[in-house]
Amino acid sequence: QGARRKTRVRGCDDDPILIELDGNANATDMRASARTSGCHGGASTLQAHVPINWNEGIRVLPYPNRQRPLSLKLAFDGAQLAPLLDRIPGVRNSDALARGGIDVTGTLAAPHITGALRIEQGRLYHVTMGQELTGITTHITLRDTWAKIETLSAKMRIFRVPEFLATAFLL
C-alpha cells in the first residue's frame with residue numbers, strides 16, 4: 001500500500017546525498033513524492049501522479065496506463081548535478097548546480113512537457129578530448145518535444161601532452 005524511506009547515497013564524501021521517498025498505490029493510481037539534498041547543493045523535489053493498471057490474475061505488478069492523465073513535477077533549488085555528471089563516460093571532476101522546474105502533464109501516449117532549467121557554477125574535465133570546461137552557465141527551456149538552449153557560456157582549457165613526453169611514450 002504505502003512506503004516511506006530515507007536513504008543516503010554516496011556522491012560527496014563529506015556531505016552525502018539524502019533521499020526521502022514516499023509512495024502509495026491503489027487500484028488505479030500511483031502517487032510518489034521524493035526529495036534529495038546534500039553534496040554541497042540545494043534540494044530537488046519530485047511530485048508524481050501516474051495512472052496504473054494491474055496485470056490480470058496475480059495483480060502483483062502494476063504498469064502505466066498510457067491513456068489516463070498523469071502529473072509529474074520536478075523542481076531544482078540549487079541541486080548538485082556532480083553525482084550525475086560524473087557517471088558520463090569520459091567526464092571527471094564535474095560540478096554544477098541546477099535551478100528551475102519541469103512539469104509533465106497529459107498522458108503517457110501524448111505528454112506535455114514544459115519547464116526551464118538554469119545550470120550554474122558548472123565545471124567538468126572531458127578526458128578523451130583533454131578539455132576542461134569551467135564557468136559553465138546555461139539556461140534551457142523545455143516545450144513538449146524540443147529543448148531550446150537560451151544561453152550557454154563556458155571557459156575552455158585544453159591540456160596537451162608535452163612533445164618530449166609523447167615521444168618518450170612512443171619509444
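Which element gives the largest share of the lining of the second largest pocket? That would be β8, with four residues. Keep in mind as you look around that this is a predicted model. Below is a quick tour of its nonpolar core, its two largest pockets, one strand pairing and a few residues worth finding on screen.

**The nonpolar core**

- The largest nonpolar core has 13 residues, and the ones touching the most other members are F76, L81, A96 and I102.
- Four strands each put in at least two residues: β6 (71-80), β7 (91-106), β8 (111-126) and β9 (131-143).
- Among these, β7 makes the largest contribution to the core, at four residues.
- If you want one residue to start from, try F76: leaving aside residues up to four places away in sequence, F76 touches A43, S44, A98, R99, G100, I102 and L117.
- I102 turns up twice here, as one of the core members with the most contacts to other members and as one of the residues that F76 touches.

**The largest pocket**

- This pocket has a volume of about 350 Å³.
- Its lining is made of 20 residues, and those nearest the centre are I17, T36, Q80, P83 and L84.
- Several elements give two or more residues to that lining, namely β2, β3 (29-38), β4 (41-54), β6, α1 (82-85) and β8.
- Sorted by class, the lining has 12 nonpolar residues, six polar ones and two charged ones.

**The second largest pocket**

- Here the volume is about 180 Å³.
- There are 13 lining residues, with L85, A96, I119, L124 and I136 closest to the centre.
- Two or more lining residues come from each of β7, β8, β9 and β10.
- Nine of the lining residues are nonpolar, while two are polar and two are charged.
- A96 is a name to remember, since this residue lies among those closest to the centre of the second largest pocket and is also one of the core residues that touch the most other members.

**Where β9 meets β10**

- Strand β9 pairs with β10 (residues 146-158) in the antiparallel sense, over 11 bridges.
- To see the pairing up close, find T138, which stands opposite L152 in β10.
- The two strands form a hairpin with two residues between them, and D144 in this hairpin takes a positive phi.

**Residues with a positive phi**

- D144 has a phi near 50 degrees, a positive value in a residue other than glycine.
- D144 sits in the loop between β9 and β10, and it counts as partly exposed because its relative accessible area is 40%, a value between the 20% and 50% cut-offs.
- N93 also isn't a glycine, and its phi is positive too, near 50 degrees.
- You'll find N93 in strand β7, and it counts as exposed because its relative accessibility is 56%, over the 50% cut-off.

**A loop residue to look at**

- D13 is in the loop between β1 (2-9) and β2 (17-25).
- D13 is exposed, because its relative accessible area is 63%, which is over 50%.
- Although D13 and C39 are 26 residues apart along the chain, their C-alpha atoms are separated by 8.1 Å.

Notes
Residues numbered from 1 in each chain as written. Predicted model: local features only at pLDDT ≥ 70, side-chain atom pairs only at ≥ 80, totals over all residues. Heavy atoms only, no water. Core = buried A, V, L, I, M, F, W, Y, C linked by side-chain atoms within 4.5 Å. Buried < 20%, exposed > 50% of the residue type's maximum accessible area, 1.4 Å probe, protein only. Contact = heavy atoms within 4.5 Å. Pairing = 2+ DSSP bridges. 1 Å grid on protein atoms, 1.4 Å probe; cavity = no way out; pocket = protein on both sides within 12 Å on 5 of 7 lines; lining within 4 Å. Points joined across faces, edges and corners; volume = space filled by probe spheres on them. Nonpolar A, V, L, I, M, F, W, Y, C, P; charged D, E, K, R; others polar.
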